[in-house]
Amino acid sequence: MKVEGILKAKGRAVETVPPDASVPLVLHKLSTLGIGALVVSGDDAEVLGTVSERDVVRALNRHGGRVLELRVSDVMSRGSPVCTPDQSLHDLMADMTRSRHRHVPVVEGGRLCGIVSIGDVVKHRLEEMELEVNVLRDRYIASR
């Protein structure tokens with residue numbers, strides 16, 4: 001299976017935030033949208049990085065209450081992994097595990113076109129495993 005399969009199921013909508021936005025805006029968006037990360041982009045097309053709950057917690061540890069005065073560019077993860085719609089889920093899972101990133105922007109033709117979370121990958125993998133179990137059960141029953 002490829003990343004495109006996840007995008008077809010969940011859609012290609014991506015929440016972004018500009019690098020000069022405030023940390024309180026990030027917290028507001030993460031909280032109200034019920035998501036764990038935003039893609040940092042100045043034009044909603046180029047991926048500059050990501051800013052996640054984890055990034056904010058690390059910044060809070062470093063800067064204390066002053067974190068609320070910082071900008072996204074001060075706390076974001078740079079050089080975050082990205083993937084393409086035609087990348088295999090196996091490779092994506094390996095990249096996410098290796099880099100320890102839970103959210104990976106999807107880029108096609110140099111433009112942001114989606115985002116995949118570890119939750120999306122796990123959900124898809126569970127659905128695949130359920131299908132495999134059902135096929136094996138049906139084959140077993142048919143062979144009796």
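How many of the 144 residues of the protein count as buried? The share is 37%, where buried means under 20% relative accessible area, exposed means over 50%, and partly exposed covers what lies in between, using a 1.4 Å probe and protein chains only. Before we go further, please keep in mind that this is a predicted model, in which local features need pLDDT of at least 70, side-chain atom pairs count only at pLDDT 80 or more, and totals for chains, interfaces and linings use all residues. Residues are numbered from 1 along each chain as its sequence is written, and side-chain values use heavy atoms, with hydrogens and water left out.

Let's start with the overall view. The protein has six helices and five strands, arranged along the sequence as α-β-α-β-β-α-α-α-β-β-α. Here helices (H or I, at least four residues) and strands (E, at least two) are DSSP runs, numbered from the N terminus. Along the principal axes, the C-alpha atoms fill a box of roughly 70 × 35 × 30 Å. The accessible surface comes to about 8700 Å², and carbon and sulfur atoms account for 53% of it; these areas come from the Shrake-Rupley method with a 1.4 Å probe, and for residues only the protein chains shown count as cover. Of the contacts between residues at least 6 apart in sequence, 53% join residues at least 24 apart, a contact being heavy atoms within 4.5 Å.

The charges are easy to tally. There are 20 positive and 20 negative side chains, and the centres of the two sets lie 5 Å apart. Lys and Arg count as positive and Asp and Glu as negative, while His and the chain ends are not counted. Each charge is placed at NZ of Lys, CZ of Arg, CG of Asp or CD of Glu.

Now turn to the sheet. Three strands form an open sheet in the order β1-β2-β3, with mixed pairing. Its edge strands are β1 (16-17) and β3, each of which pairs on one side only. Two strands pair if DSSP finds at least two bridges between them. Strands β1 and β2 run parallel and are joined by two bridges, whereas β2 (residues 37-40) and β3 pair in the antiparallel sense over four bridges.

Within that antiparallel pair, A37 has S52 of β3 as its bridge partner, and V40 has G49. V40 in β2 also stands opposite V17. In a regular strand the side chains alternate between the two faces of the sheet. Both faces of β2 are covered, with A37 and V39 buried on one side and L38 and V40 buried on the other. Strand β3 (residues 49-52) is likewise covered on both faces: G49 and V51 are buried on one side, T50 and S52 on the other.

The loop between β2 and β3 holds E46, which is partly exposed at 45% relative accessibility. Leaving aside neighbours within four places in sequence, E46 is in contact with V40 and S41. The C-alpha atoms of E46 and R111 are 5.7 Å apart, although 65 residues separate the two along the chain.

What covers the buried residues of helix α2 (residues 23-33)? The cover includes β1, β2, β3, α3 (53-63) and α4 (72-75). The buried residues themselves are V23, V26, K29 and L30. Seen down the axis of α2, they fall within an arc of 125 degrees, so they line one face of the helix; the arc is that of the directions from the helix axis to the C-beta atoms. The face turned away carries the exposed residues S31 and T32. Just after α2, G34 takes a positive phi of about 65 degrees.

Helix α5 (residues 89-99) can be read in a similar way. Here L89, L92 and M96 are buried, and they line one face of the helix because they fall within an arc of 55 degrees when seen down its axis. An α-helix has 3.6 residues a turn, so residues three or four places apart point the same way. On the face of α5 turned away from the buried side are the exposed residues H90, T97 and R98. The cover over the buried residues of α5 includes α1 (3-10), β4 (103-108), β5 (111-117) and α6 (118-143). Just after α5, R100 takes a positive phi of about 65 degrees.

Let's finish in helix α6, where R139 lies. R139 is exposed, with a relative accessible area of 61%. Its C-alpha atom is separated by 48 Å from that of V40, 99 residues away along the chain.
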